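Okay, thanks for coming, everyone. I'll walk you through one protein today, going from the overall fold down to single residues. Here it is on the screen.

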Amino acid sequence: MVKKTTGGRLTRQDWVHAGFAAVIDSGIDALAVEPLAARMGTTKGSFYWHFADRAALVTAVLEVWEQLATAAVVDELGQVADPRERLRMLLAVVFRDADEDRFEHAVHSTAAHPQVAPALARVTATRLGFLTDLFLELGLPQARAHDRARIAYAAYLGHLQLRRLDAVGEPSPDAVRRYADELLAVLAAT
């Protein structure tokens with residue numbers, strides 16, 4: 001159940017937070033008003049106080065995801081002067097959080113959804129642009145920087161899939177760090 005934050009009333013942020021949790025647990029289709037209200041121990045009326053409809057909640061959850069999982073990371077890492085260190089830090093960020101991976105996988109699994117598709121396209125373009133710029137700073141020519149960015153992003157997407165499909169189970173934090181270190185060595189080679 002979600003903790004009520006202001007005078008016992010749920011806020012818009014409470015609903016978005018609950019929406020994130022629902023997507024992590026069950027995918028984008030879990031963003032349904034009645035099940036979320038039940039999960040939060042409230043009524044549909046609380047939902048409609050903050051959102052016009054389900055589509056508005058989906059948009060809000062995707063906007064927050066886009067901000068936290070892409071824009072904030074790009075802004076934070078953009079402050080790191082050394083491009084190799086920036087790449088190392090990026091890999092440490094993207095290979096660390098299983099909950100974020102589950103959210104990402106849910107979004108990628110519903111890429112054709114009419115609300116997900118444009119958000120996913122923006123996120124992908126931003127991430128590929130950031131990576132391309134990083135590889136340009138590492139001294140690669142434009143075409144190779146673009147290719148290396150796509151390879152890096154493909155490795156990340158493959159990691160998302162493997163976390164879900166690998167019969168061995170969830171890799172240990174040490175294994176994930178080793179994987180990120182190996183990927184860094186390959187990607188940073190000029």
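Let me start with a definition: the span we expect of a helix is 1.5 Å times one less than its number of residues. Keep that in your head for a minute. And one more thing up front: what you're looking at is a predicted model.

So, try that rule on helix H8, residues 142-165. That's 24 residues, so the helix should span 34 Å, and its end C-alpha atoms are 34 Å apart, which agrees. Same exercise for helix H5, residues 83-94: 12 residues, so we expect 16 Å, and the end C-alpha atoms do sit 16 Å apart.

Okay, zooming out. What is this thing made of? Nine helices and zero strands. If you read along the sequence, the pattern is just α-α-α-α-α-α-α-α-α. The C-alpha atoms fill a box of roughly 60 × 35 × 30 Å along the principal axes. There are 190 residues in the protein, and 41% of them count as buried. The exposed surface comes to about 10,300 Å², with carbon and sulfur atoms supplying 56% of it. As for contacts, take the ones with a separation of 6 or more: 67% of those are between residues 24 or more positions apart.

How confident is the predictor? The mean pLDDT of the protein is 90, and 95% of its residues reach 70 or more. Among the elements, H7 has the highest mean pLDDT, at 97, and H6 the lowest, at 87.

Now the annotations. UniProt, in an unreviewed entry, lists residues 9-69 as "domain: HTH tetR-type". In our model that stretch is 75% helix and 0% strand, and its end C-alpha atoms are 28 Å apart. The unreviewed UniProt entry also places a "DNA-binding region" at residues 32-51. That span is 75% helix and 0% strand too, with end C-alpha atoms 12 Å apart.

Let's look at helix H2, residues 33-40. Which of its residues are buried? Val-33, Leu-36, Ala-37 and Met-40. They cover an arc of only 100° around the axis, so they're on the same side of H2. Flip to the other side of H2 and you find Glu-34, Pro-35 and Ala-38 exposed. The cover over the buried residues of H2 includes helix H1 (12-26), helix H3 (44-50) and H4. And just after H2, Gly-41 takes a positive phi of about 70°.

Staying with that part of the chain, find Leu-57, which is in helix H4. Buried or exposed? Leu-57 is buried, because its relative accessible area is 1% and the cut-off is under 20%. Leaving out residues up to four places away in sequence, Leu-57 touches Trp-15, Val-16, Leu-31, Leu-36, Phe-47 and Phe-51. Leu-36, remember, is one of the buried residues of H2. Leu-57 and Trp-15 are 42 residues apart in sequence, yet 7.9 Å apart in space, C-alpha to C-alpha.

For contrast, take Arg-9, in the segment before H1. Arg-9 is exposed, with a relative accessible area of 60%. The C-alpha atoms of Arg-9 and Thr-42 are separated by 9.4 Å, with those positions 33 residues apart along the chain.

Right, back to H5 and H8. In H5 the buried residues are Pro-83, Arg-86, Leu-87, Leu-90, Leu-91 and Val-93. They cover an arc of only 160° around the axis, which puts them on the same side of H5. What covers them includes helix H4 (54-77), helix H7 (116-137) and helix H9 (173-187).

H8 has a longer list, so let me just pick some: the buried residues include Arg-148, Tyr-153, Tyr-156, His-159, Leu-160 and Arg-163. Their cover includes H5, helix H6 (98-109), H7 and H9.

Last residue, and it ties in with H8: Asp-101, over in helix H6. Asp-101 is buried, with a relative accessible area of 5%. What does Asp-101 touch, not counting residues up to four places away in sequence? Val-94, Tyr-156, His-159, Leu-160 and Arg-163. Tyr-156, His-159, Leu-160 and Arg-163 are among the buried residues of H8.

That's my tour. Happy to spin the model around if anyone wants another look.

Methods. Residues are numbered from 1 along each chain as its sequence is written. This is a predicted model: local features need pLDDT of at least 70, side-chain atom pairs count only at pLDDT 80 or more; totals for chains, interfaces and linings use all residues. Side-chain values use heavy atoms; hydrogens and water are left out. Helices (H or I, at least four residues) and strands (E, at least two) are DSSP runs, numbered from the N terminus. Buried means under 20% relative accessible area, exposed over 50%, partly exposed in between (1.4 Å probe, protein chains only). The arc is that of the directions from the helix axis to the C-beta atoms. Contact means heavy atoms within 4.5 Å. UniProt positions are given in the numbering used here, feature names are shortened, and annotations may be inferred rather than shown by experiment. Accessible areas come from the Shrake-Rupley method with a 1.4 Å probe; for residues, only the protein chains shown count as cover. pLDDT is the predictor's confidence in each residue, from 0 to 100.
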